[in-house]
Amino acid sequence: ISPAEFITAAERFGMAPRLDRWIVKTALTRFGHVMASGRLALNINLSAQTLSDPGLWTFVDTVIEATKVPHCALVFEITETAAVTNFEAAERFVRSARERSCRVSLDDFGAGLSSFEYLRRFPVDSIKINGSFVEHMTANRFDREIVTAINGIAKSLGYSVVAEKIEKQDALEMLQDMGVEFGQGFLLHKPEPIEAVVARALGQAKASGTGAA
């Protein structure tokens, strides 16, 4: 089921924090042993409502302690929309995450008017360039210049850069020429159940002779 089909409803009825907590607990409980082995890191998207949850970090700390997941294997993604909804809460969340050595990624970067203000205020680890700039960048000079600018500024500040919505080979090649390090999109890989990702990670570990958890 696409997130577009249920996220809006969850937020409308104030259930997003409950949903996000379920995702964190379920993912770490089921796959914490693989994360602890260093073969898997999980990125978890958080709702704006969740960022304002005063008990969130107490909950996350408890789950991490119970599952023995290394903090660096957990990456929280927050969108510009979530950050601008409650700037102060988002700033507190990012700083709390960094204090624990959890990583933070700023998702859909470039979509809002305050994008670069976030970079100044939030000590994030990576940014994900909004796919609306990436998908037509080979034919649209404006989009291409935006991607170039974001990549240059982010790298100069020490952030990793991820390009979203890579669906064509020429776009991939252009991004590689720009020095963009990471990407996501149907050209590279289509969404699949996490169980398949974990099975492949364990299978590759066996093939390399490192064993499996």
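The legends below describe close-up views of a predicted model.

Local features in this predicted model need pLDDT of at least 70, side-chain atom pairs count only at pLDDT 80 or more, and totals for chains, interfaces and linings use all residues. Residues are numbered from 1 along each chain as its sequence is written, and side-chain values use heavy atoms, with hydrogens and water left out.

**View 1. Aromatic pairs around tyrosine 118.** Rings of Phe, Tyr and Trp (its six-membered ring) are paired when their centres lie within 6.5 Å, with planes under 30 degrees apart counted as stacked, over 60 as edge-to-face and the rest as tilted; by this rule the count comes to seven aromatic pairs. One of them joins phenylalanine 87 and tyrosine 118 in a tilted arrangement, 5.4 Å centre to centre with 35° between the planes. Because phenylalanine 87 lies in helix α6 (residues 87-99) and tyrosine 118 in helix α7 (residues 115-121), this pair ties together parts that are 31 residues apart in sequence; helices (H or I, at least four residues) and strands (E, at least two) are DSSP runs, numbered from the N terminus. The rings of tyrosine 118 and phenylalanine 122 have centres 5.6 Å apart and planes at 10°, so this pair is stacked. Phenylalanine 87 and tyrosine 118 are both buried, as are both tyrosine 118 and phenylalanine 122, where buried means under 20% relative accessible area, exposed over 50%, and partly exposed in between (1.4 Å probe, protein chains only).

**View 2. Strand β2 and its parallel partners.** Five of the six residues of strand β2 (residues 74-79) are buried, so the strand is largely enclosed by the rest of the structure. Two strands pair if DSSP finds at least two bridges between them; β2 pairs in the parallel sense with strand β1 (residues 42-45) over four bridges and with strand β3 (residues 103-109), again in the parallel sense, over five bridges. Isoleucine 44 stands opposite phenylalanine 76 of β2, while valine 75 has arginine 103 in β3 as its bridge partner. Phe76 also belongs to an aromatic cluster with Trp57 and Phe93.

**View 3. Surroundings of aspartate 107 in strand β3.** Aspartate 107 counts as buried, at 7% relative accessibility. When neighbours within four places in sequence are left aside, aspartate 107 is in contact with Asn45, Glu77, Ile78, Thr79, Glu80, Lys128 and Glu164, contact meaning heavy atoms within 4.5 Å. Of these residues, glutamate 164 is separated from aspartate 107 by 57 residues in sequence and by 9.2 Å in space, C-alpha to C-alpha.

**View 4. Asparagine 151 in helix α9 (residues 141-156).** With a relative accessible area of 4%, asparagine 151 is buried. Apart from neighbours within four places in sequence, its contacts are Val161, Met178, Gly179 and Val180.

**View 5. Loop residues with positive phi, lysine 68 and serine 101.** Most residues other than glycine have a negative phi. Lysine 68, in the loop between α4 (56-67) and β2, has a positive phi near 60° and is exposed, with a relative accessible area of 60%. Serine 101, found in the loop between α6 and β3, has a positive phi of about 70° although it is not a glycine, and serine 101 is partly exposed at a relative accessible area of 47%.
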